[in-house]
Amino acid sequence: MRNIFLLLALLLALTVGRWRASAQPGAAPATPARPAPAAPVVNQSLSPAAGPTLGTASGPSTPAGQPGRASGSAADPAAQSRLPPAGPSGLVPAVGPVPGQPNVVLVLLDGVRQQEWTGKALDDFGNPVRTSEVLPNLMRLRKSGLFFPHFQISNPAGVSLPAYADIFAGRRQERILTNSPPAADLRSHYPTLFQTVKKNLGLGFDGVALITSWSPLCAIAQAPPLMPQDDFYRSCGVHGTNAGPVVSFKPELYEGSRADTDTFLEILQEVPKRTPRLLVVHLGDADEEAHMHSRVQHRAGVDYGIFHYHNALRQDDYLVGRIWAFLQSHPFYRNNTYLLVTTDHGRDSIPEPDQWANHGRCVAEHTRTRPCSGCSGIFALALGPGLPARTVKAAYKHTDLAPTIAKILGVTMPEGSGRLMREITDTLPEPHLHARR
Ligand SMILES: [Zn+2]
Ligand SMILES: [Zn+2]
């Protein structure tokens, strides 16, 4: 009997040793199948362990290696070691109960037209453009999660800012109906998802984060009054961040925004050291390239071409793929993070040349009353632990995102009017349902 106890003790010591070995930065993985904690897709010079980052943000960031949250054990290496490794494609199979607490990353792509994600687009020569050509990563991720092809915008204007206002607050923001509201209205008029999650989970400055290509989004991410202790990491367009300047690698191409590549590079610089539980990302190049078509047509009278719009979509699709790969390579996010992707509006569905370039003539005709179906009919995608892979028939809208994301994180949006996306919330692993409220 004593020998059996000795044998059990030896086995236990060996197992603990393997967990610890896999938790040491740079240590050899416990098994060949388990990826090392170092992120293969992140430039090593950008990782916090490799010294100073390219970013110069000097704000109240969470020290490297510490999660941006008050409590929990999502980064617990022992817990991580019990999770299945990411597959070679970067996709992770659905897992059961997830140790620790979940994270959510919401990626907002600006102005994705139905034709591109339904396989009905044409190129400048009239040839069909397959969905797999322009959105290969979204189509790949779609196979691992819930796809909502009947998603709808919730604002009547069909333009960008009202959509983001609704997404952030989980309800229609009546005073935001254009991209340029009066200065007094350029704010959220209701508590936002960022504020609700930060407050209810007791998170610090880095606990929630917003990183966008378009400048006005930081302004509508909060409902005043804003106390310093209520602020969180925000970095929008040309205004940089509220925690200090960031390095820009690409010249600004469009008024009021920065290149999506710069937005993405900032994610790689800041997210590994801040590890927000909720991260919202906006990428805007596709919409900008679409509007460029209209501008060139009006000013020069020549055809800029839809190629550039497709090119920008292809780039942003690539960046979504990189974001998911990063999440699955980082110990804080791997296997306990939900990725949601949607667009702020579509583009027209009427067969009139060049109307796709703006959101559609039907928007101009019916602004504030009724956007056309091509503009209002959009998609959403959700994947993460426990979520099945299927297409959802039910129709949801922008205002449903915030309450659903809040539920994933274990909180509620009392002033939101959206409903829960049941296909997501009903399939969450048990620990999420009992998370702190
Ligand atoms: Zn937009
Ligand atoms: Zn637009």
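This report describes the fold of a single predicted model, moving from its overall make-up to the central sheet, the nonpolar core, the helix contacts and a few backbone details.

**Overall make-up**

The chain holds 15 helices and 10 strands, and of its 437 residues 51% count as buried. Among the contacts in the chain with a separation of 6 or more, 71% are accounted for by residues 24 or more positions apart.

**The sheet and strand β8**

Eight strands form an open sheet with mixed pairing, and their order is β6-β5-β7-β1-β8-β9-β4-β10. The edges are formed by β6 (233-236) and β10 (390-391), each of which pairs on one side only. In general terms, the strands of a sheet pair through backbone hydrogen bonds, either parallel or antiparallel.

Strand β8 (residues 337-343) has 7 of its 7 residues buried, so this strand is largely enclosed by the rest of the structure. The burial concerns both faces of β8, with Thr 337, Leu 339, Val 341 and Thr 343 on one side and Tyr 338, Leu 340 and Thr 342 on the other. In the order of the sheet, β8 stands between β1 and β9. Strand β1 (residues 103-109) is joined to β8 by 7 bridges and runs parallel to it, with Val 104 opposite Tyr 338. Strand β9 (residues 377-383), by contrast, pairs with β8 in the antiparallel sense over 4 bridges, and here Val 341 of β8 stands opposite Leu 381 of β9.

Towards the β6 edge, strand β5 (residues 208-212) pairs with β6 in the parallel sense over 4 bridges, and Ile 211 has Ser 235 in β6 as its bridge partner. Helix α8 (residues 260-274) packs on the sheet in this region, where it touches β5, β6 and β7 (278-283), and its direction makes about 160° with that of β5.

**The nonpolar core**

The largest nonpolar core has 97 residues, and those with the most contacts inside it are Val 281, Ile 323, Leu 340, Leu 381 and Ile 405. Helix α10 (residues 307-329) supplies the largest share of this core, with 9 residues. Two of the residues just named have already appeared in the account of the sheet: Leu 340 is one of the buried residues of β8, and Leu 381 of β9 stands opposite Val 341. Val 281, leaving aside its neighbours within four places in sequence, is in contact with Val 105, Val 107, Leu 108, Ile 211, Ile 267 and Ile 323. As a general tendency, nonpolar side chains in soluble globular proteins are buried together.

**Helices packed against α10**

Two helix contacts involve α10, and their geometry and composition are set out below.

| Helix pair | Axis approach | Crossing angle | Residues in the contact |
|---|---|---|---|
| α8 and α10 | within 11 Å | roughly 5° | 6 nonpolar, 1 polar, 3 charged |
| α9 and α10 | within 8 Å | roughly 175° | 6 nonpolar, 3 polar, 3 charged |

The axes of α8 and α10 cross at roughly 5°, which makes α8 roughly parallel to α10. In this contact Asp 260, Phe 264, Ile 267 and Leu 268 of α8 meet Gln 315, Asp 316, Leu 319, Arg 322, Ile 323 and Phe 326 of α10.

For helix α9 (residues 285-300) the crossing with α10 is at roughly 175°, which makes α9 roughly antiparallel to α10. The α9 side of the contact consists of Asp 285, Ala 286, Glu 289, Ala 290, Met 292 and His 293, while α10 contributes His 308, Tyr 309, Ala 312, Leu 313, Gln 315 and Asp 316.

**Backbone details in the loops**

A cis peptide bond, with omega near 0°, leads from Pro 224 to Pro 225, and Pro 225 is found in the loop between β5 and β6.

Positive phi values occur in two residues that are not glycine, Thr 275 and Asn 335. For Thr 275, in the loop between α8 and β7, phi is about 40°, and the residue is buried, with 26 other C-beta atoms within 10 Å. For Asn 335, in the loop between α10 and β8, phi is near 70°, and this residue too is buried, with 23 other C-beta atoms within 10 Å.

Methods:
Residues are numbered from 1 along each chain as its sequence is written. Chains are lettered from A and ligands numbered from 1 in the order in which they are written. This is a predicted model: local features need pLDDT of at least 70, side-chain atom pairs count only at pLDDT 80 or more; totals for chains, interfaces and linings use all residues. A residue is buried if 20 or more other C-beta atoms lie within 10 Å of its own, exposed if 12 or fewer, and partly exposed in between; C-beta atoms are placed from the backbone. Two strands pair if DSSP finds at least two bridges between them. A nonpolar core is a set of buried Ala, Val, Leu, Ile, Met, Phe, Trp, Tyr and Cys residues joined through C-beta atoms within 7 Å. Two residues are in contact if their C-beta atoms, placed from the backbone, lie within 7 Å. Axes are lines fitted to C-alpha atoms, for helices over the stretch in contact, and angles run from 0 to 180 degrees between N-to-C directions. Angles under 35 degrees count as roughly parallel, over 145 as roughly antiparallel, 65 to 115 as roughly perpendicular and the rest as oblique. Ala, Val, Leu, Ile, Met, Phe, Trp, Tyr, Cys and Pro count as nonpolar, Asp, Glu, Lys and Arg as charged, and the others, Gly among them, as polar.
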